[in-house]
Every structure is written in C-alpha cells, then in structure tokens.
Amino acid sequence: MSAPLRAVLWRILQTVPVVFGVVVISFVLTRALPGDPAVYFAGAMADEQSIEEVRVALGLDQPLWRQFFLYAGDLLQGDLGNSISTGQPVLTDLAMRLPASLELTLTALLIACAIAIPLGVLAAVRQGSWVDHLCRVLVTAGVSLPTFFTGILLIYVFYYLLGIAPSPLGRLDFIYFEPPRVTGFYLIDSLIDGDPETFFAALRQLILPATTLALFTLAPIARMTRASMLTALSSDYIRTARAAGLSGAMVLFGYAFRNALLPVVTTLGMVFSFVLGANVLVEKVFAWPGIGSYAVEALVVSDYAAIQGFVLAMALLFVFLNLVIDLSYTLIDPRIRFAAK
Amino acid sequence: MTDTNRRTFLKTSALGAASLPFLKVMPAMAEGRDTLVVVSGQTINSLDLHRVGTNRASYQVAINCYDRLVSFGTKTLPSGELSYDYETIVPELAESWSLSDDGLVITFKLKPNATFWDGRKVTAEDVKWSFDRAVSVGGFPTTQMRAGGLSRPDQFAAVDAETFTVTLDFPSKLSLPDLAVPVPFIINAQVAKANATADDPWAMDYLHQTPAGSGAFKVARWDQGQQLVYERNDDWVGGPLPAVQRVIVREVPSQSTRRALIERGDVQVSFDIPDRDAAELADKMTVHSTPIENCIHCACLNTAFEPFQDANVRKAIAWAIPYEAIFNTAAYGRGAPMWGGPETVTDTQWPRPFPYNTNLDTAREFLAKSNYADGFSVPLSISLDLASWMEPTALLIQENLEKIGITCTVEKIPGANWRTVALVDKSLAFHLENFGGWLNTPDYYFFWAYQEGKLFNSSNYYNEEVEELTNRTLHMPMDHPEYAGLIQRMFEIVIEDIPRIPLWQPALNVALNGATDYEFWFHRQLDARPIAGV
C-alpha cells in the first residue's frame, strides 16, 4: 500500500470515535429536548388513550437504553430510521434534500470565490486604493446584512418590482418537471438528460438564492485573501524573488498567491460547512427544499430520527471535507505531509 | 410518487401520454385558466390522514382526493362569501340514507355509478374496510370517530354491494355530521389490501404515498416538501365536477415570498395568510376572512392555581383585558369580537360575546372583594409557535393587569413543548389558548374545553352542573324541546365562572388573485373542488 493511501486510511480510522461521539450526543440531546413527540403526533384532538397509542407505535414507551441499542443496531446496517413527520426513511429524505442544499451552496461559493479572491488580491496589491475601499465596503455589508434580509430585498427588487427574476418558488418553476435523477443536482442532471430548457429554468431559479448566499460568504473569503496576501507580500522570499528580478506576475501568482492560498482554503472549508447547515433562512425565503429547513422542521416537531440523521450526515460531511482540505494542503504546499504512522 | 419522473408521470397522468408524448413542460398556462396555483406556508407530509404523524395541511388530500358517504351543503354568508353549511347534509358517495325509528341504525344506499379511479365500482365492502380502518388505527382518526359514537368495527356492516349500515350504541346528533368530516373517507379496499402486509394490515405505508380513492381529484404528482399536483377525475360522481383541470399546491415557507407571489399574480390562491397581510391586501384583490366556526381565542385561568380559585380574581381579570386593542393589534380587526355581549343569555348562539368589557374600575372592585386585594404576580404563558397572535395579546394584557396590581411576566414556551405543558399536564397558571371544534355545536365545544380532564380544558375547570349538562346535551338533537334551555344554562354558568375568557373569534384568511368561488370549511384546509379560475 502506498504511503499517501495509508495516510488517508489512517485519517479515516481516526474519525470513527468522532462519529461515535456524534451518534451518542445527538441521541441524548434529542431526548433531552423539551416536547413530547407522542403528544405532538397524536394530533389536534388527542386524548390520553390516543397519545398512549401513538407512544407505543413510535416505540417511545421503551426504556432509553433500549431505544439507543435499537437505533445503534439499525445504524450499523446503514438504516437511519424513519422520519415520523415525512413518513419516509431518513436516508431517502436526506438523499432528496442534500443535493438541493449542496447545489445552492456550491454555486454560491463559486460566485463568492470568483468575486472575493481577485478582489482580495487586488485590495492587497493596491492597498488604500478604491479597490481596497470597495473590498472593505463589500465585506462589511456582507457580514452585517442578514441573509433573509438580502434575500427578501433581492426578491422585492428583481422579482416584485422589476419582474426580471422568476417566481421564487424553489428549484424549478411549476411548469417544469424535475430532470431524471442522476446526481440530484438539477443543473447537472438536466445536462445529462440533454435538456437545455430545464437547465436554464433551474439556473434562473438558482441565481437569486445563490447571490444572496454569495454576498454572505464573500466577506470572510475576501478578508482572508487580503490579509494573507498582505502577509505573503511582505515576507522575505518575496523580497528575494523581486531582488532576483523575477517578473511581477511571477512574483504575485507564482510565489505570493500560492503561499497565501493556504489560509484561504481553510476558510473556504469552514465557510462551506457552516453555510450548508446555516442557510435555513435563505431556503425558507426562496422555498428551497434543502437540508436546513428539513432539520428545523424536524426539530420543531421533535422528530428524533430525522434530527439524528441530519446531525450524523453533517458530521460525516465535515469529516470528509476536512480530509479533502488536508489533502489539498499537500498539493498547495509540498512541505506539508501526512504523518503516516 | 416522489420518484416519479417526467416519463412515468406522463404515462400515468390523467391527461395520458397519448395527447402530450414529448412535452418537456406542463401545459400550465393553457387558455381559460384550467390550472390554478395555490401557495401555502405549510407542508403536506402524507397523503393518508389516518397515518400517525400526518399533519393538518395533509388533511386536504383526504378532502380533495377521497369521498365520504355524505358531505355538508353550501350556504352564502351575510358577507356574500361561500361557506359549508353544518345544518345541511348532502350525498357524496351515498345516494340516500335513512335512520331507524329508535335512531340506532343508519342505512346508506351507495350511488350505483360511483367508481374508484381504477374503474372498479365502489361497494359497501370498501366502506366497511375504510371505517374499520379509521376506528382501528388509533390516534386522531379513532378519537374523531369516537366523537360520533363510532368506536368498533362491529358497528359497521355491508349488507349487500350497495347497502351499508352503521349501528350506534346510543342515538346521537353528532353521528351523521361526524361522517362528513375528513376522517371517514372511503378507500379502494382491494388496492389497499393488495398492498397490505402482515405487519401493516391497514396498508399505512402504501397509502401514505399512493392514494387510492374515488374523489374529485387524483394526485398527479407529490414532491414532498415542495408541491402537490391535483389532476381532475372526470368520472367523479360525488358532486359537481371541479371547474379546473389541475391544481398545483406549492409550499412556500416565507410569508413575504408568498405575498410577493400573490401580488404579482403568479399564483392564484394564497391560503391561510396572516391577519396583517389580509388587512393590507384587502383593497388590492379578493381576500376572504371567514370567522372560524366554533373556534375562540381565549385567555385561560387555571383553577388549580391559588389566585384563580377565587371567582372574583377571575372576574377582575376578565374586566381588565383590553379586548378592543387586542382585536385591532393582534388580529388586525379580522374575525369577530367576543366581548361586550348581552347581560342575559336568551339564545344558543356560539361562539358568543361574553358580557365582559374593558372597565378597570369594575376590575378593581372585583379584585378588592377577593383575597388578593393587594394584587399578586403570575407568569402569563404563550406558545412560540403561535407568537404572531399570542405575543401582542400577552403584552397588552400584561400592561392592563399591571394597572390593577397584577404583575404578569410573559413566559414563552417552545412549540414542541406547548401541547405537553398546556394541554396534557395542564400546568400553566395563566395562558392563552385556542380551541376549535370541527362539529359545530356548543355542547361539542363544552365537551372538549369545559369538561374535567378533557384535553382542551387547560383551566382544569370543574363544575358539576356543567359536566351533567354537557353529557345530557352532547348527543341530544338540537330541535329537542329541552335543548335550548340546557345550553343557555351552560352558557350562564361559564360566563359567571369565567375559567376561559373569550378574546375573539379568529378568521381564516385566503387571498385570491385570478380565482373565485372559494368556500370556507370548518377543517380550515383548501377544498379545491368548488374553486374556479377567472
């Protein structure tokens, strides 16, 4: 087995206790939540008898340790349980909703990076110029404007007043049908299906929510790019490179930018995982059937299996993301190596 | 249904693949508006009302896609709006029915031409299976069936293919109306049984995603958490054929987005909009604000707690509440006032305005007569889920009670926990509450909200006479000579004892922009059958 592969496997092995911890904590925490699912799901006109019937039907009359072992046993077989609220396996729910969130978040991040990184670099190179001020204004605005506000504002201007944007009705306007499911990403699936009409319909729906999220995520990325570029530009090796007579572009992109990229990638990873779980408000405003609103709805009705499934999925995603970021470090900076024990 | 892609949809859809084989988009905007788009903030989480965990918004599937034996008629309200009519029972799947002389056996004759979506004739066996299911699955459907005196499968019998009987243990005026609520809907028993398993004899898993009925609309498509598409069933015999071919119910959680959509006219119906939007949109489009029958927003005083055991304290609070300010601030004037009513009870109108009003001097007099002349402090609990009306109401009550020496601290309880503490444990001293009964009789309201131990009696109220009167009137026909007198006596007692202080009767607000003939129903869900496009 090659060294990098072994290192990756070792990293994966290290995550086992983390995931186990997440399973235990999410189980205990959901049970500690106020609210009795049996009462909730017994419906509006429940009496004591029907509440009890529901409690038994949900298996909530069992002692807690038993419930946990049943849950853990199912989990080992890859079964996250059934959501009471949606009446479907949690895995199915997540598979439906995670791609929606990922598509939105990734698009937003792409837009954010496309704007924030060049802006940050320029702001660092031309310190004090108008670009630097623009960067500062955007960053401040991005941080201080809550996403639901930006979302509503964009809808008001582009949909309500100007009528340019399509109806904010989720991933596709009601006259279109979902493309045949391959990845769950409508943009990709519609292209695979060779259906440009649906592709553009999905894209049009995506623009406003993605812009809303991009405005929010742009701030930390631009700020980090600017700061790390400044640090890089003032370091000794840049002075050496300049003294050696290398071209400006070579110094900037070959040396300074590459070194500045490391903290930017870290920030990117953090922003991504944060935004994926936290874009509930954007999802609500744009009727986006994503994972954030799923989790909030589950939380409101104490739908245990759904909450646990969401937490676990997010934990696994985090673990995976960290792995990818660590691996990308080795590509950006060859000095960093995995300690392959 | 969720995995249906475009192709299977077109194959199975009512339109049929033949007419539109290569269509990439739905023919939504065909001329004459035969498609309506409805937006709602709530999510439909099941297509089977009987399932444990099915939420309120999902009841509309039982209404639009299934039939009952009977339904309620339609009446025009004084405002000119349409409403269901509790007084008139009309046929749906039953052609006629008769009551035995002792009032214990109801015999239904089914419509001979009624068919399920798969073309099979609706038989009494299907009705029997569906009713057995409703009383056997437990939870809400079983409770609702019990309200009409229907609790065991042996009460239902299929005499022959078109004759079905219901045998009651005691005659009750609630039995027939209870067969017209959404719960006892008739399922295609053959389809359901074919998909039932030993663990799941009632085919809960199957019907959750795949309805099998005879109703006015079929479910053409259901994307959970996004949309439900109804497609008209042209063979429906339960009533007048719906005017529109297709109704798309889109879930849009954000209220501001829903408002933008209806104002722009991109959707034709916005269902259950907040009072504030209703007030603001009223001059731009048609807004229906129908006071919800048998439903009252109340301030409840829990008699298990010290100060509220004193009738004078309860009256002091009832006189101190700023009713008008609450109605204008929290309800934006939508609904009906429940204060300042006549001193004496001479009719059986319900919900009725109680004779209390805002008068701080009277309130102080009552408080002075009580054992709490110097006032006291008490938490006033509200549910965060219902904060839109509860919070402004609580703040206004708090402000006025302060003036007579009662200090309230507003306590906000998370929605998931509210039912447990308020209704099941009944452990909140002073709180806001809202109960609405499906069956529109005062005794039914009393049964749930004023009888000891009942779920919505969050005041822990107990009065021997009210117990007895409620039991006597609950199943008594409303034209019985004693009925009016007994009901009026019940009113007098709870007006005097005032464990629940009525604040106002809330309204169900629906905005229409490009649609007409909306009809209000007690179940507070959209009945898509009468509605038409303009």
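Select G415(B), A416(B), N417(B), W418(B), R419(B), T420(B), V421(B), A422(B) and L423(B): these are the buried residues of α14(B). Buried here means under 20% relative accessible area, with exposed over 50% and partly exposed in between (1.4 Å probe, protein chains only). The model is predicted, so local features need pLDDT of at least 70 and side-chain atom pairs count only at pLDDT 80 or more, while totals for chains, interfaces and linings use all residues. Residues are numbered from 1 along each chain as its sequence is written, chains are lettered from A and ligands numbered from 1 in the order in which they are written, and side-chain values use heavy atoms, with hydrogens and water left out.

**Around α14 of chain B**

Extend the selection to residues 415–424 of chain B to see the whole of helix α14, in which nine of the ten residues are buried. Helices (H or I, at least four residues) and strands (E, at least two) are DSSP runs, numbered from the N terminus. Next, show what covers the buried residues. From chain A, the cover includes α2 (37–41) and α13 (291–300). From chain B, the cover includes β15 (376–383), α13 (387–403), β16 (406–413) and β17 (430–436). Then step just past the end of α14(B) to K426(B), where phi is positive, at about 50°.

**Chain B as a whole**

Colour chain B by secondary structure: 17 helices and 22 strands should appear. Its C-alpha atoms fill a box of roughly 80 × 60 × 45 Å along the principal axes. The radius of gyration of chain B is 24 Å, which agrees with the value near 24 Å for a compact globule of 534 residues. That radius is taken over C-alpha atoms, and the globule rule is 2.2 Å times the number of residues to the power 0.38. Of the 534 residues, 63% count as buried. The accessible surface of chain B is about 18,800 Å², and 50% of it belongs to carbon and sulfur atoms. Accessible areas come from the Shrake-Rupley method with a 1.4 Å probe; for residues, only the protein chains shown count as cover.

Now display the charged side chains of chain B. There are 45 positive and 66 negative ones, and the centres of the two sets lie 7 Å apart. Lys and Arg count as positive and Asp and Glu as negative, without His and the chain ends; the place of a charge is NZ of Lys, CZ of Arg, CG of Asp or CD of Glu.

**Backbone stops in chain B**

Go to A203(B), in the loop between α6 (189–194) and α7 (204–209) of chain B. Phi of A203(B) is near 55°, a positive value in a residue other than glycine. A203(B) is buried, with a relative accessible area of 0%.

Move on to I498(B), in the loop between α17 (483–497) and β18 (500–505) of chain B. I498(B) is not a glycine, yet has a positive phi of about 40°. I498(B) is also buried, at 0% relative accessible area.

Then select W350(B) and P351(B), which are joined by a cis peptide bond with omega of about -5°. P351(B) lies in the loop between β14 (336–337) and α12 (360–369) of chain B.

**Two cysteines**

Show C298(B) and C300(B). Their sulfurs are 5.2 Å apart, too far for a bond. A disulfide is a pair of cysteine sulfur atoms within 2.5 Å, and the structure holds zero of them over all chains. C298(B) is buried at 1% relative accessibility, and C300(B) is buried at 0%.

**Chain A**

Switch to chain A, which has 14 helices and zero strands. Its C-alpha atoms fill a box of roughly 85 × 60 × 40 Å along the principal axes. Of its 341 residues, 50% count as buried. The accessible surface of chain A comes to about 16,000 Å², with 72% belonging to carbon and sulfur atoms. The mean positions of its 20 positive and 23 negative charges are 20 Å apart.

Select T225(A) in helix α9 (residues 196–233). T225(A) is buried, at 1% relative accessibility. Beyond its neighbours within four places in sequence, T225(A) is in contact (heavy atoms within 4.5 Å) with A116(A), I117(A), G120(A), V121(A) and V264(A).

Finish at T107(A) in helix α5 (residues 90–125). With neighbours within four places in sequence left aside, T107(A) is in contact with L206(A) and A210(A). A distance label between the C-alpha atoms of T107(A) and A7(A), 100 residues apart along the chain, should read 31 Å.
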